[in-house]
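The following exercises are to be worked with the sequence and the coordinates at hand. Each task is followed by a solution in steps.

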Amino acid sequence: IHSSREQKDMKPMYQELTNMDESVKICAKALRDFNKKSERPLTFALSTYVVQSLIKVVRIFDQPVGTGLLIGVGGTYKKSLALLAAHICGIKTFNFTKDVRRVDQETWREGLKRVMLLTGFEGHPHMLLADGSNLLTMEQMDDLNAFLTLKYIPGLHSKEEQKAIASRIAEKEGIENLSP
């Protein structure tokens, strides 16, 4: 397995990991650090397989505009690995499903707008955490598909919002007459 982080000081550098025991220790340290800072500590064993999976998710987050969709049977630590990988990479998490049973379309769309502005315009990387058991509408799945494949969601912003965003970008970049 390959990693884009050096084992000792976690500096980006793509290389083969030859000492899995050392990798497990580094990941265990990251897990302890996450649990100290988190309201909801993660509790799972860091087996070789789990560490290999974690390293793969970290590699995704280390890519410029890295996106991924973790799909699988519930209870296989996808959410936990994604949270820990985001912590390792210094990426904040935007969680739709933290305290709600079901996310309605308006809440979903407003949340997407907020995370896209934070990530895209303001340059603060975020992980969008959306639990399939709380996102059941076809519209939400279509939005997720567009978000992952196109990096934007058609029809998400009104014309007025598009103009305001274009104005902010033009001001920031010193561009005149930027239209949405």
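Two strands pair if DSSP finds at least two bridges between them. The model used throughout is a predicted one.

**Exercise 1. Strand pairing**

Determine in which sense β3 and β4 pair, and which residue of β4 stands opposite F94.

Solution. Step 1: Strand β3 covers residues 92-95, and four bridges link this strand to β4. Step 2: The sense of the pairing is parallel. Step 3: Within the pair, L128 of β4 is the residue opposite F94. Step 4: The surroundings of β4 can then be examined side by side. H126 and L128 point to one side, M127 and L129 to the other, and all four are buried, so that both faces of the strand are covered.

**Exercise 2. Overall composition**

State how many helices and strands the protein chain has, and in which order the elements run.

Solution. Step 1: The chain has six helices and four strands. Step 2: Read from the N terminus, the order is β-β-α-α-α-β-α-β-α-α. Step 3: The chain has 180 residues, of which 33% count as buried. Step 4: Among contacts with a separation of 6 or more, 59% come from residues 24 or more positions apart.

**Exercise 3. Packing of two helices**

Characterise the arrangement of α1 with respect to α3 and list the residues in contact.

Solution. Step 1: Two packed helices are described by the angle between their axes and the distance between the axes. Step 2: For α1 (residues 20-37) and α3 (residues 78-89), the axes come within 10 Å and the crossing angle is roughly 95°. Step 3: Angles of 65 to 115 degrees count as roughly perpendicular, and α1 is therefore roughly perpendicular to α3. Step 4: From α1, the contact involves A30, L31, D33, F34 and K37; from α3, it involves L83, L84, H87 and I88. Step 5: By class, these residues comprise six nonpolar, one polar and two charged.

**Exercise 4. The nonpolar cores**

Identify which element gives the most residues to the largest nonpolar core.

Solution. Step 1: This core has 27 residues, and those touching the most other members are L42, F44, L46, L54, F61, L84 and M127. Step 2: Two or more residues come from each of α1, α2 (48-62), α3 and β4 (126-129). Step 3: The greatest share belongs to α3, with eight residues. Step 4: Beyond four places in sequence, M127 touches F61, A82, L83, A86, I91, K92, T93 and F94. Step 5: Another core, apart from the largest, has 12 residues, including W108, A146, F147 and L156.

**Exercise 5. Three individual positions**

Classify S80, Y77 and E122 as buried, partly exposed or exposed.

Solution. Step 1: S80 belongs to helix α3. Its relative accessibility is 17%, and S80 therefore counts as buried. Beyond its neighbours within four places in sequence, S80 is in contact with L42 and F44.

Step 2: Y77 sits in the loop between α2 and α3. With a relative accessibility of 38%, Y77 counts as partly exposed. Although not a glycine, Y77 has a positive phi of about 70°.

Step 3: E122 is found in the loop between α4 (105-121) and β4. At 35% relative accessibility, E122 is also partly exposed. Outside its neighbours within four places in sequence, E122 is in contact with L117 and R168. The C-alpha atoms of E122 and I169 are 9.9 Å apart, while the two residues lie 47 residues apart in sequence.

Technical notes: Residues numbered from 1 in each chain as written. Predicted model: local features only at pLDDT ≥ 70, side-chain atom pairs only at ≥ 80, totals over all residues. Heavy atoms only, no water. Axes fitted to C-alpha atoms, helices over the stretch in contact; angles between N-to-C directions. Parallel < 35°, antiparallel > 145°, perpendicular 65-115°, else oblique. Contact = heavy atoms within 4.5 Å. Nonpolar A, V, L, I, M, F, W, Y, C, P; charged D, E, K, R; others polar. Core = buried A, V, L, I, M, F, W, Y, C linked by side-chain atoms within 4.5 Å. Buried < 20%, exposed > 50% of the residue type's maximum accessible area, 1.4 Å probe, protein only.
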